Amino acid sequence: MEKNTQATTTPKEWANSTPAGLVALSAACVCFFAFLTGRVSTAAMPLIGCWLLGGFVIQVVVGLLDLKNGNLPGGNTFLFFSAFFMLASGLEMFFKYNAISAGAPLDGRVDGFVWMTLAIVLLLWTPAFFAKFSLLSIVVALLDVALPCIALHDLKVLSTGADKVVTYIAAWALLSSGAVAVYLCSALVVNTAYKKTKYPLPK
């Protein structure tokens, strides 16, 4: 009687998807930076919305894979960022642009309440990202600066001068966060490909 000699193969583990999530985050940060600093006008809102919706697709996948691999803080953060930072913000860009074009009233202060909630959540979760320090810790810390500023801007509780200051703080914090994320995702991909350090990372 012949033995079954067919080799059993162990399914390969999925590779780390975090770099793709960081690319999506970087793209969103650059879009918000350009918009908040007036480098692009309200006419760019539908295009920004498209980029954010693209980022949503990436980050929801990354969030689910991180959760599958047991990454509790990273997976949950990518997941709620995919929903609010990407999907909701992307859709809102279209709604706000249409409202502005039509001259229709739109009370955007509700966004401030939601952004403040997200800012508080991220602030309270931040110690989890410092349990093992990495460049991702810096990305999160910079977002901790940006989100409350965005909330204050949308709540419209500040004077014109103070609002301009917090808006620029938010914009530059987002740009800095995106820049760190670009380097981190590049280091993760290149160092893994070569199986040695090509782009230095913190120990």
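## Helices and their labels

Helices here are DSSP runs of type H or I with at least four residues, and they are numbered from the N terminus. With that in hand, we can place Lys195: this residue belongs to the segment after H6. Keep in mind as you look around that this is a predicted model.

## Two lysines with a positive phi

Lys195 has a phi near 55 degrees, which is positive although the residue is not glycine. In general, most residues other than glycine have a negative phi. Is Lys195 buried or exposed? Its relative accessibility is 75%, so Lys195 counts as exposed.

Lys156 makes a good companion. This residue sits in the loop between H5 and H6, and just after H5 it takes a positive phi of about 55 degrees. Lys156 is exposed because its relative accessible area is 60%, and exposed means over 50%.

## Checking the length of H5

Helix H5 covers residues 135-155. How far apart are the end C-alpha atoms of H5? They are 31 Å apart, and at 1.5 Å a residue the 21 residues should span 30 Å, so the two values agree. If 30 Å looks puzzling, remember that the expected span is 1.5 Å times one less than the number of residues.

## The nonpolar core

In soluble globular proteins, nonpolar side chains tend to be buried together. The largest nonpolar core in this model has 43 residues. Inside this core, the residues with the most contacts are Phe85, Leu143, Leu147 and Leu174. Two or more residues come from each of H1, H2, H3, H4, H5 and H6.

Try finding Leu147 in the structure. Setting aside neighbours within four places in sequence, Leu147 is in contact with Phe85, Trp115, Leu118, Ala119 and Leu122.

## Rings that meet

There are 8 aromatic pairs in the structure. One of them joins Phe33 and Trp172 in an edge-to-face arrangement, with 4.8 Å from centre to centre and 75 degrees between the planes. This arrangement is called edge-to-face because the angle is over 60 degrees. The pair links distant parts of the chain, as Phe33 lies in helix H1 and Trp172 in helix H6, 139 residues apart. Phe33 is buried, since its relative accessibility is 8%, whereas Trp172 is partly exposed at 41%.

Ring pairs also join Phe32, Phe80, Phe81, Phe85, Trp115 and Trp125 into a cluster. Phe85 and Trp115 should look familiar, as both are in contact with Leu147. Another ring has a charged partner: the charged end of Lys198 sits over the ring of Tyr194, 4.8 Å from the ring centre.

## Around Ser17 and Phe78

Where is Ser17? Ser17 is in the segment before H1. This serine is buried because its relative accessible area is 13%, and buried means under 20%. Apart from neighbours within four places in sequence, Ser17 is in contact with Val62, Leu65 and Asp66.

Val62 and Asp66 also appear among the contacts of Phe78, a residue found in helix H3. Not counting neighbours within four places in sequence, the full set for Phe78 is Thr18, Gly21, Leu22, Gln59, Val62, Gly63 and Asp66. Phe78 is buried, with a relative accessible area of 10%. For a sense of distance along the chain, Phe78 and Leu91 are 13 residues apart, and their C-alpha atoms are separated by 18 Å.

How values were computed
Residues numbered from 1 in each chain as written. Predicted model: local features only at pLDDT ≥ 70, side-chain atom pairs only at ≥ 80, totals over all residues. Heavy atoms only, no water. Phe/Tyr/Trp six-rings, centres within 6.5 Å; stacked < 30°, edge-to-face > 60°. Buried < 20%, exposed > 50% of the residue type's maximum accessible area, 1.4 Å probe, protein only. Lys NZ or Arg CZ within 6 Å of the ring centre and 35° of its normal. Contact = heavy atoms within 4.5 Å. Core = buried A, V, L, I, M, F, W, Y, C linked by side-chain atoms within 4.5 Å.
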